Amino acid sequence: MDLPATLIVSFAALVMIIALAGAARRLLGVRLGAIRTFLAALLAFSLAEPLLSPILSSFAVPEAPADAGIGPLWVLFLVVMCIVLIPMVLLVLAEALVPPGSIPGPLEFFRSLRGRISRARRYSQITRIAFRHGLGPYLRGRGERLEDRSGTVRLASSLRQALDDGGVTFVKLGQVLSTRRDLLPPEFADELGRLQDQVAPAPWEQVEPVLVAELGGPVEQVFAEFDREPLAAASVAQVHTARLHTGEDVVVKVRRPGIGRVVVKDLDIVRRLAATLETRTRWGRSLGLRDLAEGFALAIREELDLRIEAANMAAVASSRAGDVTYPAPVTAMCTERVLVMRRLSGRPLAAATKEQGPALARDLLDCLLRQILVEGVFHADPHPGNIMLLDDGTLGLLDFGSVGRLDASVRSALQRFLLALNRQDPLGVTDALLEVVPRPEEIDEAALERALGQFMARHLAPGMDSARLFTDLFKIVSVYGLSIPPEVAAVFRALATLEGTLVRLSPGFDLIGEGRSFAARHLAEQLDGGTIKEAITQEATALLPMLRRLPRRVERIAAAAEHGRFSMNVRLLADERDRRFLTGLLHQVLLTVLGATAGLMAVLLLSAEGGPRVTEVMSLFELIGYNLLVVSAVLVLRVLVLIFRRPHELRS
């Protein structure tokens, strides 16, 4: 065959394949990928001859009579429909076995190939770290069950060392997990709390270009003085002291060069590992690792953007809660990678004397509780390294990379929770707790109330130890399957961190007694005559328009009932989504009934004897029966493709 003939035949075959793909896609009635549909049509075109040859040979006749009529045309139509059925069957099988999105397309695959190779190297490095510290069997879900505390402590130590070797992202992950005592055993929480975020500072040759790019000029021009030796260095940023041209002393926080790419890569790995562990392990599903990973990734991304820290600093400072000082950001000089704030003059918290300790601890507790319960914006990481003893004897809060926010409803529920704890009211504590956390579908409220009553008797009675207060509360939350929202978890994390800080600042500090005193003072503020009057005025102002319309509406309803014209109009399926769901359901039911009816009629006609002859080997009954079989197959395939596609749509 010469070249022109080959080109014509190839073009004709391509047109037939495209037409076959379009017909299959149209008959299935759903959106399918172009590449997937074309491949199904190409495979069907290749399989058509070997699959249909045995069928066509049974219809063959030695010589077609001159007056054959339209019988051969019907047979030809039947053959064409059988060819169309092949790609339809292939597409339905593909929907069942390989749903859309389960494997990347060719273009997506080649685009992500470089990232896959880089991620594979990082996976290999993390795996080597895990195996080096004896964690390999636990990654495969085959680790030994640890019954004694010494084995648990040993495993927790291995996990801490592995996270420490993993780098900044995994150190941060361990620090976050150490605050989730509702999820982890105490041994793991205590061990992960020892993770340190101290690293060697980046050299000035790498830091200076960041400052020049972010501040728009050389450091010598922007600042009157700048100390190139960092005051402190952490895994995400390092801090330098400087002085503005106005003579004001400031602190300059600079994000470490290149840290963004490393963190983005590691966060992607953390999300993938969390998704895998949640799918393959029972403990991963019980902890909800996917949601935890997403929340952690969001927190880390916010910490990388120093503009968010500047906004957090301004938000907390605006609350003016307690006798505590906050560094004010120099907003005009704050960027994504550089944060400039006014410097607080003071010493580390450890420099406080024993005489100062109780008063400072009281001020710090009052400040944080007021931030949480009244203002709704609070410092979420009040450990001793983030607190200074200022030269005037007061406290200063530092590092606002982690700040929590609570809406009015959550603050109100937390207030009721604290007041119920103060009254030692188990029923009130249970009700307030179930307002703070999402209520599970099934929960034994009576047992939860008894557990909280025992908790209060153990920790809140006079002379009782409050050292394990938050640990035992988290244990109750975990046992009863209560899921703590991230913003509420931040509250408990801040309070647990604050407890350790207060004990270090003032050994023997009565956290329970001071918390009760704050609750009593706060309640007295709420019951103040001016506050009550203001609340009543606000509520009355909001209700006044409704109260004005209420008498006319009551009169209208009473008149309609008196004259027998009272009626109610209810629109079923008023929501468009409900109508669309019901329409789709009826559509599937109708297709199923029609397909089953057509198949049954086809079987009856094919089993019937006699009837007019269309060809030498086929009667009219058989021809109609075969066509009804094709119709039945098309309808059933339409139903099946919708059934296989719906779970994927629900997941997405």
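Two strands are taken as paired when DSSP finds at least two bridges between them. This tour opens with a pair of that kind, in a model that is predicted.

**Stop 1: the strands around β3**

Select strand β2 (residues 232-233) together with β3. Two bridges join these strands, which run antiparallel. Between β2 and β3 lie three residues, and the two strands form a hairpin. To find one of the contacts, select alanine 233, whose bridge partner in β3 is glutamine 238.

Next, add strand β1 (residues 225-226). β1 is likewise joined to β3 by two bridges, in an antiparallel arrangement. Glutamate 225 stands opposite arginine 243 of β3.

Then add strand β4 (residues 249-255), which runs antiparallel to β3 and is joined to it by seven bridges. Arginine 243 appears here again, with aspartate 249 as its bridge partner in β4. β3 and β4 form a hairpin with five residues between them, and in the turn glycine 247 has a positive phi of about 90°.

Is strand β3 largely enclosed by the rest of the structure or largely open? Six of the seven residues of β3 (residues 237-243) are buried, so the strand is largely enclosed by the rest of the structure.

**Stop 2: salt bridges**

How many salt bridges does the structure hold? The count is 17. As background, side chains of opposite charge can pair when their charged atoms come close.

Select aspartate 268 and arginine 272. Their side chains form a salt bridge, in which the closest N and O atoms are 3.1 Å apart. Aspartate 268 and arginine 272 are separated by about one helical turn because they are four residues apart in helix α12 (residues 259-280). Arginine 272 has a relative accessibility of 37% and therefore counts as partly exposed.

Move to helix α16 (residues 357-375), which holds both arginine 370 and aspartate 366, four residues apart and about one turn of the helix. These two residues form a salt bridge with 3.8 Å between the closest N and O atoms. Is aspartate 366 buried or exposed? Its relative accessible area is 16%, under the 20% limit, so aspartate 366 is buried.

Now select arginine 416 and glutamate 435, whose side chains meet in a salt bridge at 2.2 Å, N to O. This pair links distant parts of the chain: arginine 416 belongs to helix α17 (residues 408-423) and glutamate 435 to helix α18 (residues 426-436), 19 residues apart. Arginine 416 is partly exposed, with a relative accessible area of 36%, and glutamate 435 also counts as partly exposed, at 47% relative accessibility.

Return briefly to the strands and select Glu225, Arg243 and Asp249, which salt bridges with shared partners join into one network.

**Stop 3: the cavities**

The structure has two cavities of 30 Å³ or more. The largest of them has a volume of about 470 Å³. To locate this cavity, select Leu418, Leu421, Leu469, Phe470 and Leu495, which are the closest to its centre among its 23 lining residues. Helices α16, α17, α20 (469-479), α21 (486-505) and α22 (511-526) each supply at least two residues of this lining. By class, the lining of the largest cavity consists of 20 nonpolar residues, two polar and one charged.

The second largest cavity has a volume of about 30 Å³. Which residues line the second largest cavity? Select Arg362, Leu365, Asp366, Leu369, Glu514, Phe518 and Arg521. Two or more of the lining residues come from each of α16 and α22. With four residues, α16 gives the most to the lining of the second largest cavity. This lining has three nonpolar, no polar and four charged residues. Asp366, one of the lining residues, is also the salt-bridge partner of arginine 370.

**Stop 4: the nonpolar cores**

In soluble globular proteins, nonpolar side chains tend to be buried together. Here, select Ile372, Phe378, Leu395, Leu414, Ile484, Leu495 and Leu502, which touch the most other members of the largest nonpolar core, a set of 72 residues. Helix α21 gives the most to this core, with 10 residues. Finally, select Leu155, Phe170, Leu195 and Val263, which are among the 30 residues of a second, separate core.

Key:
Residues numbered from 1 in each chain as written. Predicted model: local features only at pLDDT ≥ 70, side-chain atom pairs only at ≥ 80, totals over all residues. Heavy atoms only, no water. Salt bridge = Lys/Arg side-chain N within 4 Å of Asp/Glu carboxyl O. Buried < 20%, exposed > 50% of the residue type's maximum accessible area, 1.4 Å probe, protein only. 1 Å grid on protein atoms, 1.4 Å probe; cavity = no way out; pocket = protein on both sides within 12 Å on 5 of 7 lines; lining within 4 Å. Points joined across faces, edges and corners; volume = space filled by probe spheres on them. Nonpolar A, V, L, I, M, F, W, Y, C, P; charged D, E, K, R; others polar. Core = buried A, V, L, I, M, F, W, Y, C linked by side-chain atoms within 4.5 Å.
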